[in-house]
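Trainee: Please take a close look at the question of disulfides in this model, and at the part of the fold that goes with it. One connected account would be best.

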Amino acid sequence: MKLLLISDLHGNIEALNAVLGNVKYDRAVCMGDLVDYGPDPGAVVDWVRKNDVPVIRGNHDNAVGFMVDCGCGYKYKHLSVATREYTWKVLSEADMEFLRGMPLDRDLEIDGLKLKMVHGSPQSFFDYLYPDIAPEKLAEYTAGISSDYLLTGHTHFPAVLKAPTTTVLNPGSVGQPRDKDWRASCMVLDTIARTQEVIRIEYDLDTTCRKIERSMPLADELTAILRRGY
């Protein structure tokens, strides 16, 4: 099976649709953060819900759903806070209930592979497992994990990390890349060959930016981040 790994969609339906329309896959799983920053959180939530995509709750999903702090990094936190009112306004109560109901982690078994889904780390959706994480820190975060693969998100950087007891796969961000590449980021895991590939997809960035400019606060900063990819 070709398993599409996606994360950090952040209300960017153009980026999500570009990935879905251009990547060959059999099944998709999502490591959370469907909302905040982007203009179409409802459409993103709707796609995940209607397609019964295995998904876990990210820190932004938690912040929107439960109306609490997002706990995100200082550099972007003000944008999350500023866009929260917009996000609440455009989401339905069913969307909010869906966000609150998403689990914090999830275990799957596909083609004999054991997969564990988290947003940040197995300990917290606030933890960052960046590509340059120190080996000893990675071992600490993944201690006790016996799954073949630990699927994560949160950093907005794609990565394949070899830990002592598992392999960490992070597909990067579909809707808010932060690795200086503006294109939507995802990963395909071949569950038979046990190989993985990071895939970058161009999308209709101008349309997303126009939507932000029409209706969202701090539009200049939000669109600049999307265009730069950080």
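**Cysteines and the sheet**

Mentor: The cysteine sulfur closest to that of C209 belongs to C186 and lies 20 Å away, so the two are too far apart for a bond. The model is a predicted one, and C209 counts as buried in it because its relative accessibility is 1%. C30 is likewise in no disulfide: its nearest cysteine sulfur is again that of C186, at 12 Å. With a relative accessibility of 0%, C30 is buried. A disulfide is a covalent bond between the sulfur atoms of two cysteines. The cut-off applied here is 2.5 Å between the sulfurs, and the structure holds zero disulfides.

Two of these cysteines lead into the sheet. C30 falls in strand β2, which spans 27-30, and C186 falls in β8, residues 184-190. The sheet is open and has four strands, ordered β2-β1-β8-β9, with mixed pairing. Its edges are β2 and β9 (195-201), each of which pairs on one side only. On average, neighbouring strands are turned by 25 degrees against each other, direction ignored.

Strands β8 and β9 run antiparallel and are joined by seven bridges. Within this pairing, V188 stands opposite E197 of β9. Helix α1, residues 13-22, packs on the sheet and touches β1 (2-6), β8 and β9. The direction of α1 makes about 170 degrees with that of β1.

Definitions and conventions: Residues numbered from 1 in each chain as written. Predicted model: local features only at pLDDT ≥ 70, side-chain atom pairs only at ≥ 80, totals over all residues. Heavy atoms only, no water. Pairing = 2+ DSSP bridges. Helix = DSSP H or I, 4+ residues; strand = E, 2+ residues; numbered from the N terminus. Axes fitted to C-alpha atoms, helices over the stretch in contact; angles between N-to-C directions. Contact = heavy atoms within 4.5 Å. Buried < 20%, exposed > 50% of the residue type's maximum accessible area, 1.4 Å probe, protein only.
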